[in-house]
Amino acid sequence: MNQSRKKRAMTPLEVEAFATTLPTSCNSDAEGPSLVGTWLQASGATEEFTNNVSDGIATDTIDADNFIRITFYADGTFDDLKSYSYTENGDVIVETSTDVGTYSVNGNLLSVAYDGEDTQTVEFTLSGTQLGIAHVEEFTENGNQKRLVIRTTYHRQ
C-alpha cells in the first residue's frame, strides 16, 4: 500500500472512519457494551470512487509494524498510537505517532477531536469485543467528484 493511502486510511480514527446501532457511551449509566478500553486494529479497507464509479478497494496491511491502537477513557478522552511502514531505497522504514483528544457518543455516532483539530464524526458499531468504524470523505480533485469510504475494525484488548 502506498504511504499516502495508508495515512489517509488511518486519519478518521482515524479512527481511521468504523456502521450502526448499538448504544454506547462514556457515561457509567449507559446500557450495553462500553467503548471505554483499548482497541487494536484488526482490519481496514478504503474504497475510492471517482464520479460515483468505484476505482477499487485498498486494504490495510495489519501486522507488528502497521496498526492503530486506540484507548478510550471514561472521562471522554482518548489516545491513539499509529504505526506504519514503507520501503524506501530498499530499507523498511517504520514510523509511529501518538495523538490525544476528546470523544463523545450519540447513538451510533462517535465524535472525536484530536487536540488542535476540528471534530470528526463517524458511524460505529460495537458488539462485545469488536468495534467497527465507517468514515466517508468527499472532495473534488481535478474536476472530478471523489469519495473515500473507509472501514476499520478493531478488537478489544
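Two strands count as paired if DSSP finds at least two bridges between them, the strands (E, at least two residues) and helices (H or I, at least four) being DSSP runs numbered from the N terminus. The structure here is a predicted model, so local features need pLDDT of at least 70 and side-chain atom pairs pLDDT 80 or more, while totals for chains, interfaces and linings use all residues. Residues are numbered from 1 along each chain as its sequence is written, and side-chain values use heavy atoms, with hydrogens and water left out.

The chain holds one helix and nine strands, with the helix leading in the order α-β-β-β-β-β-β-β-β-β. Of its 157 residues, 39% are buried (under 20% relative accessible area with a 1.4 Å probe, protein chains only; exposed is over 50%, partly exposed in between).

Now to the hairpins. β6 and β7 run antiparallel and are joined by four bridges, with Leu 109 opposite Glu 123 of β7. Five residues lie between these two strands, and Gly 116 in the turn has a positive phi of about 80°. β7 also pairs with β8, again antiparallel, through five bridges; Leu 126 has Leu 131 of β8 as its bridge partner. This hairpin has two residues between its strands, and Gly 128 takes a positive phi near 60°.

Leu 131 turns up again in the largest nonpolar core (buried Ala, Val, Leu, Ile, Met, Phe, Trp, Tyr and Cys joined through side-chain atoms within 4.5 Å), a set of 17 residues. Along with Leu 35, Phe 72, Tyr 103 and Leu 110, Leu 131 is among those with the most contacts inside this core. At least two core residues come from each of β3 (67-72), β5 (91-106), β6 (109-114), β7 (120-127) and β8 (130-141).
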